[in-house]
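Me: I should like to learn how to read the features of a protein model, one at a time. Could we work through an example together?

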Amino acid sequence: MLTADLVHVRRRGDRLHVVALTEPERPRARELAASAIAVVRAHVGLPRGALLEAWDHVAMGPSENRLARALFKLALDTCEFDEGAAIDPVELRRDVFMRAAGQRQSATGEFARTDLLQEIAQGRGVDVDAIEEALYADLPTAHILRKADLPSPDGLLSIFELAQHQAVLLRAVRLRARVFCASPAGYRALFRKLKFHRLLYTMEKLERGSGYAIDIDGPFSLFEQTTKYGLKLALALPTLMACDAWDVDAELRWGRDRRPLRYHARGGSVVPTNAAAAELPDEVTVLLGDLRAQESPWQAAPADAILDLPGLGVCVPDLEFVHRETGRRVYLEVLGFWSRAAVWKRVEMASAGLPHPMVFAVSKHLRVSEEVLADDTPAALYVYARSMNARAVLERIEAVATRRVPTGR
């Protein structure tokens, strides 16, 4: 991920624009990308400090500095480093410093660093070079580059172009996206990915069935202190960009003075389709495994449905339960990490009449009672403490399965 100082942007009024590479700039940008990749590849097995020093000697013009640093940062993001020392550096330093202090306080007051390290090396059954290497091996510059999953120069440029937009969204406080997918599977992958990143969102179907509008935001106090939520927005961007058509409007707080600015981007599917892989949140994956271990007439699987209730919004269940004998179908949506407002929205939808029986799983910390949904609605709340219990979920599924679903939905 790029930091703000590595992004090429321009301000026009209250709008912030990402400056894309022009065609005349691309050949030199490709050369810089190739240099970054070559330097990293040449230093596999060597300390980070040596890698950084080698990069400092790469020739570049003043106007290329930001682009070059951005490409090198993205190449570094593919690297895996470790301390590379069999000897614990902290424990080794403690041993060396205590012995050195003892020698200085001795009657002679003489201290010879080489002799001391030789003595410690003999005691540990290693040579002096191993002691020297391990002494500060926990410092970042001493970490050893073990491997790097490096792309091609053109691949690194593609990563850079996406990373510029992601860096802008790190400063986002609110985002509205309009997306269109040619198939329902594209929408399901998109909505599931948003949940995987624990993003709070509401959505509605656009007029004439031309896609969905998605509003993503969260508690403003969170944005005042950290870019953690912005990071989730940034990570979700490739998923939005994998749609067949998309556009994004975001409210930003940019620069040291956190100036309010607006950002807009649009396009078609410009990232690999596997970027929108449909993953389940960790707690849902664990629950699904527990459900499949239960002896039950209900078969659980990741849900494929998108439930639209005109005038009230859209619901995207996480799991689908099908009764093995009757074929009855019940859905589960997990709202554990969401907000009270999101839960009350689901209560409103359930009271108005859902198209299928539903169970909403809600974390106890949201302080919502299971009794807020009446028994005559085709839905139930399941309030859990730390983790969801498979048997408790199945009890709620069984309870709502026979409730009447309003017709005409």
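Me: Which residue meets Asp-249 in a salt bridge at 2.5 Å, N to O?

Reply: A salt bridge is recognised when a side-chain nitrogen of Lys or Arg comes within 4 Å of a carboxyl oxygen of Asp or Glu. In this predicted model, the partner at 2.5 Å is Arg-178, whose side chain meets that of Asp-249. The two residues link distant parts of the chain, since Asp-249 belongs to strand β8 and Arg-178 to strand β5, 71 residues apart. Arg-178 counts as partly exposed, at 23% relative accessibility.

Me: With which other residue does Asp-249 share a salt bridge, and what does that pair tie together?

Reply: The side chain of Asp-249 also meets that of Arg-15, with an N to O distance of 3.9 Å. Arg-15 is in strand β2 (residues 15–18) and Asp-249 in strand β8, so this pair ties together parts 234 residues apart in sequence. Asp-249 is buried, with 17% relative accessibility, while Arg-15 is partly exposed at 31%.

Me: How many salt bridges does a search of the whole structure find?

Reply: The search finds 25. One of them joins Arg-176 to Asp-215, with the closest N and O atoms 2.4 Å apart. Arg-176 lies in strand β5 (residues 172–180) and Asp-215 in strand β7 (residues 212–217), so parts 39 residues apart in sequence are tied together by this pair. Both are partly exposed: Arg-176 has a relative accessible area of 27%, and Asp-215 has 26%.

Me: Which residues are joined into one network by salt bridges that share partners?

Reply: The network consists of Glu-91, Asp-95, Arg-99, Glu-119 and Arg-124.

Me: Let us turn to the interior. Which residues of the largest nonpolar core touch the most other members?

Reply: A nonpolar core is read as a set of buried nonpolar residues joined through their side-chain atoms. The largest one here has 90 residues, and Val-179, Phe-191 and Phe-360 touch the most other members. Helix α7 (residues 153–169) provides the largest share of this core, 8 residues. Apart from this core lies another, of 25 residues, which includes Val-284, Leu-288, Leu-319 and Val-400.

Me: What is Phe-360 in contact with, leaving aside its neighbours within four places in sequence?

Reply: The contacts of Phe-360 include Cys-315, Leu-335, Ala-350, Leu-373 and Tyr-382. Glu-333 and Arg-346 are also among them.

Me: Cys-315 appears in that list. How many disulfides does the structure hold?

Reply: A disulfide is a covalent bond between the sulfur atoms of two cysteines. The structure holds 0 disulfides. Cys-315 is buried, with a relative accessible area of 0%, and Cys-79 is buried at 13%.

Me: How should I read the chain as a whole?

Reply: One may begin with the secondary structure, which comes to 13 helices and 16 strands. Of the 409 residues in the chain, 44% are buried. Among contacts between residues at least 6 apart in sequence, 68% join residues at least 24 apart. The accessible surface amounts to about 21000 Å², and carbon and sulfur atoms account for 50% of that area.

Me: Which residues make a nonpolar patch on the surface?

Reply: Phe-97, Tyr-136 and Leu-139 make a nonpolar surface patch of about 300 Å². Tyr-136 is situated in the loop between α6 (128–135) and β4 (144–148), and is partly exposed with a relative accessible area of 41%.

Me: Loops remain. Is Thr-377 buried or exposed?

Reply: A residue counts as buried under 20% relative accessible area. Thr-377 has 8% and is therefore buried, although its place is in the loop between β15 (358–363) and β16 (379–384). Beyond its neighbours within four places in sequence, Thr-377 is in contact with Ala-350, Ser-351 and Arg-403.

Me: What is the sign of phi in Arg-367 and in Arg-258?

Reply: Both values are positive, and neither residue is a glycine. Phi of Arg-367 is near 55°, and this residue is in the loop between β15 and β16, where it is exposed at 64% relative accessible area. Arg-258 has a phi of about 50° and lies in the loop between β8 (245–254) and β9 (259–268). With a relative accessible area of 33%, Arg-258 is partly exposed.

Terms used. Residues are numbered from 1 along each chain as its sequence is written. This is a predicted model: local features need pLDDT of at least 70, side-chain atom pairs count only at pLDDT 80 or more; totals for chains, interfaces and linings use all residues. Side-chain values use heavy atoms; hydrogens and water are left out. A disulfide is a pair of cysteine sulfur atoms within 2.5 Å. Buried means under 20% relative accessible area, exposed over 50%, partly exposed in between (1.4 Å probe, protein chains only). Patches are made of residues with over 30% relative accessible area and no salt bridge: like charges are joined within 9 Å, nonpolar side chains (Val, Leu, Ile, Met, Phe, Trp, Tyr) within 5 Å. Accessible areas come from the Shrake-Rupley method with a 1.4 Å probe; for residues, only the protein chains shown count as cover. Helices (H or I, at least four residues) and strands (E, at least two) are DSSP runs, numbered from the N terminus. Contact means heavy atoms within 4.5 Å. A nonpolar core is a set of buried Ala, Val, Leu, Ile, Met, Phe, Trp, Tyr and Cys residues joined through side-chain atoms within 4.5 Å.
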